[in-house]
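User: Please go through the labels for this model. For each one, I want the value set against its cut-off.

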Amino acid sequence: SEYEEFARLLVRNEMSDVFVHAGPLEGDGSVPAERIEHAGALIDAMDRYAPGVRVQAYLGQIEDRAGGPLDLDDAAVRDRIVATAGSFLDLGFDGIHYDIEPIFPGDQSFFDLLDRTRALTAARGAVLSVAVEQLEAVPMARPVVATFRPGYHNPTEGFLREVAQRVDQVAIMTYDSGMPTDWLFGAYVAWQTERVVEAIGDEVIVFMGVPTYGDGSPW
């Protein structure tokens, strides 16, 4: 009954996709079987009650460069992530959604992962989507900001286009923006949306992320 209620909620609100948190990925790129033991039941219920909604497996993790367990530069880890994605498609998921952070513009290991996963999803008639940080504020902002904030990794428009060439959907993480007022945040999201759609809107489906938590940090 909970699955049915969930599915009906998505249908009523005309949702096209739902991203089921199937991870997070382990450091070796796997997902423990016990974490997804009820995935099949959920997918069956979605097929029954919300057949028009794509159910994607959300796979995320923090990279070791930011203190997480995942080393995307390790070829064996990428192999395991691709194998994990394949196992989720075998379960019946309609797509794979990656949220791996931080990804810096030009990351060739990330591109390799997307290319190989795209080949997998395309062969299964599934979709590949990816979460990407907000666009850099202005062109060439990243190298300037990175001089005093080394972890700054907001994508350039060029990087965003390279990602869009390898996936079917791009979700921009337009939250945790540091905007101090609601009207300023609204203007910021509109501005980001316009720039993103101009850059890649003719190539992929674009999702713009908004905060769903009640109270964030002071910034």
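**Labels and the values behind them**

Analyst: Strand 4 gives the lining of the largest cavity its largest share, three residues. Strands here are DSSP runs of E with at least two residues, helices are runs of H or I with at least four, and both are numbered from the N terminus. The model is predicted, so local features need pLDDT of at least 70 and side-chain atom pairs pLDDT 80 or more, while totals for chains, interfaces and linings use all residues. Residues are numbered from 1 along each chain as its sequence is written, and side-chain values use heavy atoms, without hydrogens or water.

User: What makes this a cavity, and what makes the other space a pocket?

Analyst: Escape of the probe decides. On a 1 Å grid over the protein atoms alone, a cavity is a set of points where a 1.4 Å probe fits but cannot get out; a pocket is open, with protein on both sides within 12 Å along at least five of seven lines. The whole structure has one cavity of 30 Å³ or more. The largest cavity has a volume of about 80 Å³. For the largest pocket, the volume is about 630 Å³. Both volumes are the space filled by probe spheres set on grid points joined across faces, edges and corners.

User: Which residues line the cavity, and where do they come from?

Analyst: There are 12 lining residues, and Ile100, Ile103, Ala131, Val132 and Glu133 lie nearest the centre. A lining residue has an atom within 4 Å of a point. Strand 3 and strand 4 (127-132) each supply at least two. By class, nine are nonpolar, one is polar and two are charged. The classes are fixed: Ala, Val, Leu, Ile, Met, Phe, Trp, Tyr, Cys and Pro are nonpolar, Asp, Glu, Lys and Arg are charged, and the others, Gly among them, are polar.

User: What lines the largest pocket?

Analyst: Its lining has 21 residues, with Phe19, Met208, Gly209, Val210 and Thr212 closest to the centre. By class, 15 are nonpolar, four polar and two charged. Strand 1 (17-21), strand 3 (95-101), strand 5 (169-172) and strand 6 (205-208) each bring at least two residues. Strand 1 has the largest share, three residues.

User: Why is the Phe19 and Phe207 pair called edge-to-face?

Analyst: The ring centres of Phe19 and Phe207 are 5.9 Å apart and the planes stand at 85°, so the pair is edge-to-face. Rings of Phe, Tyr and Trp (its six-membered ring) pair with centres within 6.5 Å; planes under 30 degrees apart are stacked, over 60 edge-to-face, the rest tilted. Phe19 is in strand 1 and Phe207 in strand 6, so the pair ties together parts 188 residues apart in sequence. The structure holds four aromatic pairs.

User: Why is the Tyr188 and Trp191 pair tilted, and how far apart are the two in helix 7?

Analyst: Tyr188 and Trp191 have ring centres 6.1 Å apart and planes at 45°, so the pair is tilted. They are three residues apart in helix 7, about one helical turn.

User: How do you know which of these aromatics are buried or partly exposed?

Analyst: Relative accessible area settles it: buried is under 20%, exposed over 50%, partly exposed in between (1.4 Å probe, protein chains only). Tyr188 has 14%, so Tyr188 is buried. Trp191 has 35%, so Trp191 is partly exposed. Phe19, at 28%, is partly exposed, and Phe207, at 24%, is as well.

User: What is unusual about phi at Glu14 and Asp176?

Analyst: Both have positive phi without being glycine: Glu14 near 55°, Asp176 about 50°. Glu14 sits in the loop between helix 1 (2-12) and strand 1. Its relative accessible area is 72%, so Glu14 is exposed. Asp176 is in the loop between strand 5 and helix 7 (182-200). Its value is 58%, so Asp176 counts as exposed too.

User: What makes the peptide bonds at Pro24 and Pro102 cis?

Analyst: The omega angles. Omega is about 0° for Gly23 and Pro24, and about -5° for Glu101 and Pro102. Pro24 lies in the loop between strand 1 and helix 2 (39-49). Pro102 lies in the loop between strand 3 and helix 4 (108-124).
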